[in-house]
Structures are given as structure tokens and as C-alpha cells.
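Morning, everyone. I have one structure to show today, so let me put it on the screen.

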Amino acid sequence: MLNKILTKINWRAILIWLGGVITTLLGLMLITFIISKASPVDPVLKMVGDKASIETYRAAYETLGLHLPLYQQFLNFLGQVMLGNLGDSTSTGRTVLTDLATYFPATLELATLSIFWGVVLGVPAGMLAAIKKNSLIDQCLRCIALLGYSIPIFWLGLVGLFVFYAKLGWVPGPGRIDDIYLYTLEPWSNFMLIDTLYHHEYAGFKNAIAHLILPVALLAFFSMAYIMRMTRSLVLEELNKEYVLCALIKGASRTRVLIKHILPNIAASLITVIGLSYALLLEGAVLTESIFSWQGIGLYVTKALFDGDLAAVLGGTLLIGVVFILLNAIVDLLCKYLDPRQRS
């Protein structure tokens, strides 16, 4: 049985795919290295301070390996990254890897919940708009999508805080959880919802959900607008094809044709749209995290940039790039699985 499965696997395609992923990762590391060299921030001065002597400066310069040729510096950088050593953050005094493990779960939690609601609301809305093309429902849904593209996210976030927090008091203020829980809850996974449940802090769990409502609604609205628009376009393209007309002539209802025929045919393209939207949420939630004081990777990199913390900026950039590449690789595999035409 195992031999039959192994013989059916297209090893050449798998090796080509792995080669593409590895090449892209190496290219990302090379670009990150070039950015570090082009940065105006002197890593030696950040390490020893402005008042250090010339001897101390030279010793630190050699310790960092900056006296070596560029290709050797890149190989050393590559080796350190492979070992998980991204340097130390001058802003927090901890290793960058520790900071990323602390802050990235916050962004992952926010983006995952946002894309979930974006898909749950966006895909059915896009299908409905396509079926009801040029009707009042379609015009209203397209207007909602247009608002999602047009309104600046920082403005909508500030308005949301002003209305629902400052005036109505329906949601708590910025942050991931109230301070009474923040300083008494011992981190376990750095996912606030998981940590509160792990410690049986059910009141804290409810409080964490309350803090998530507004930022998740904001990001879900923008992802929903994109997903809804693309779903509508994909469904409209399929509605004009002959197999749909044939199914309708045979007496199948529009709902059955949509679910049984159209949805499987657009699944691969839809997965690509959702994957891209999710990746954009993971790397583009900087403004949302800043507005809501959300201690995620976007806010961490932004603060590090203003502080001149080069190691933290490069570490955050590298992490986001790796996540983006891996998401694209997963989407590519899913598309090949869902679309037989891409398996060859």
C-alpha cells in the first residue's frame, strides 16, 4: 500500500516546489542583509554608546564581524539565522527571537479571527451579489465593498474608539486585556484567549474577547470587502459558462448549481484570494495595532524603527517575510490539490 502511494507521488514537482521555496527564503535573507548594510544606524554605536573610546569601538566592530568581507558577513548572518539567533534588541534588552515569540501571537490571534469573519461574511455576500447581479441587493453589497476599499483604516479605527468606547461604552479601551488581568496572568502561549482558558481565568477570557471585538470587526470589514468583491467576480465568470446553463436547463436550482458546481470550480482561486488577504492582515496591521495599542508584531517593529533598533526591525521584517512565503507555499499546495489541472 505504501509503495503504491510513493510511486504515485510526483517527486520532481515536489523538489521543484521545495527548490522555489528555499530560493525565495534565501532571497529574502539576502534582501534583509542588504537593508541592514544600507541602514544609517551604526550597530556598533548602538552597542557601545556614543561616549565609548576608539579602542572599545574597534573591539566591538570586530566582535560583530564587520571587518570581514561582505560575502563572509552574509554567510555568518545566514548561519546565525538558521540557528535562530537574530541578535539582541536594544529597546527591550532581550533577544529578538524572544520578543518575536512574545509579540507575534498577538498579531496572529487578531489576524486569524479577522480573516475568519471576513471569509464567513465575504464569500456568501459575494455569491449573493453575483446571483442578484444589478439588483438593489447587489448595489448595496458593492457599495459596502467600495467603502471597505475607500475608508482609511486609521480613521475608521479612531471613529470606532470614539463612538463605541468613549461615548457608548459598549467595548473596552485599547489593549489586549484590562490591566487587572494583564499583570496577574502568567503567559503560557502568548495567545491571550488560550492563556486565560489555560489558567481557568474565565472572566479574563470574556474581557479578552471584549477587547478583540472592535479591532477584529475593523480588520474583518476590510478583508470582507476584498473577498466579497473577488468572489462576486469569480462567480459571475462561471455563470456565463456552458456547464452552468446545462445544469439549469436540466432543472437544477440556482442554489444547487452554485454550491455543487460553481463553488468547487472557483475553490482554488478563492483559496488564493483568502490566503493573500490573510497574509496582508499579518503584515499590514501596523496602523490597527498602533490605534488600539495592540502589542503585536506591527507595533513592535514600528517602535523599534523609531528607536533605531536595527536588530528588532530586521528580525520582524524577516519573520513577516517568512510567514508570507510559507502562506503562499501552503496556498499553492492547496490549489494543486483542489484543481486537477495544476497537478501535472
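I will go through two helix contacts, then a cavity, then a pocket. Keep in mind that this is a predicted model.

Start with helix H12, residues 242-249, and helix H13, residues 254-283. Their axes come within 10 Å and cross at roughly 155°. Angles over 145 degrees count as roughly antiparallel, and H12 and H13 are therefore roughly antiparallel to each other. The crossing of these two helices is right-handed.

Who touches whom? From H12 we have Tyr243, Val244, Ala247 and Leu248. They meet Arg254, Val257, His261, Ile262 and Asn265 in H13. By class, that contact has six nonpolar, two polar and one charged residues.

Next partner for H13: helix H11, residues 202-239. H11 and H13 pack with axes 9 Å apart, at an angle of about 140°. That angle makes H11 oblique to H13. Here too, H11 passes H13 in a right-handed crossing.

The residue list is long, so I will give a selection. On the H11 side, the contact includes Leu219, Tyr226, Met230, Glu238 and Leu239. On the H13 side, it includes Arg254, Leu258, Ile262, Ile266, Val273 and Leu281. By class, the contact of H11 with H13 divides into 15 nonpolar, five polar and two charged residues.

Now the cavity. How many cavities of 30 Å³ or more does a search of the whole structure find? One. It holds about 50 Å³ of space. Its lining is Ile131, Leu239, Val244, Leu248, Arg254, Val257, Leu258 and Ile262. H12 and H13 are the elements that give two or more residues to that lining. H13 has the largest share, with four residues. By class, the cavity lining has seven nonpolar residues, no polar ones and one charged.

Some names come back here. Val244 and Leu248 line the cavity, and both are in the contact of H12 with H13. Leu239 lines the cavity and belongs to the H11 side of the contact with H13.

Last, the largest pocket. About 1000 Å³ of space lies in it. Which residues are closest to its centre? Of the 30 that line the pocket, they are Pro43, Leu64, Leu86, Gly87 and Ala311. Four helices each supply at least two lining residues: H2 (11-38), H3 (43-48), H5 (70-82) and H16 (310-338). By class, the pocket lining has 13 nonpolar, 13 polar and four charged residues.

That is my tour. Questions, please.

How values were computed. Residues are numbered from 1 along each chain as its sequence is written. This is a predicted model: local features need pLDDT of at least 70, side-chain atom pairs count only at pLDDT 80 or more; totals for chains, interfaces and linings use all residues. Side-chain values use heavy atoms; hydrogens and water are left out. Axes are lines fitted to C-alpha atoms, for helices over the stretch in contact, and angles run from 0 to 180 degrees between N-to-C directions. Angles under 35 degrees count as roughly parallel, over 145 as roughly antiparallel, 65 to 115 as roughly perpendicular and the rest as oblique. A crossing is left-handed if the near helix is turned anticlockwise from the far one by less than a right angle, and right-handed if clockwise. Contact means heavy atoms within 4.5 Å. Ala, Val, Leu, Ile, Met, Phe, Trp, Tyr, Cys and Pro count as nonpolar, Asp, Glu, Lys and Arg as charged, and the others, Gly among them, as polar. On a 1 Å grid over the protein atoms alone, a cavity is a set of points where a 1.4 Å probe fits but cannot get out, and a pocket is an open set with protein on both sides within 12 Å along at least five of seven lines; lining residues have an atom within 4 Å of a point. Grid points are joined across faces, edges and corners, and a volume is the space filled by probe spheres set on the points.
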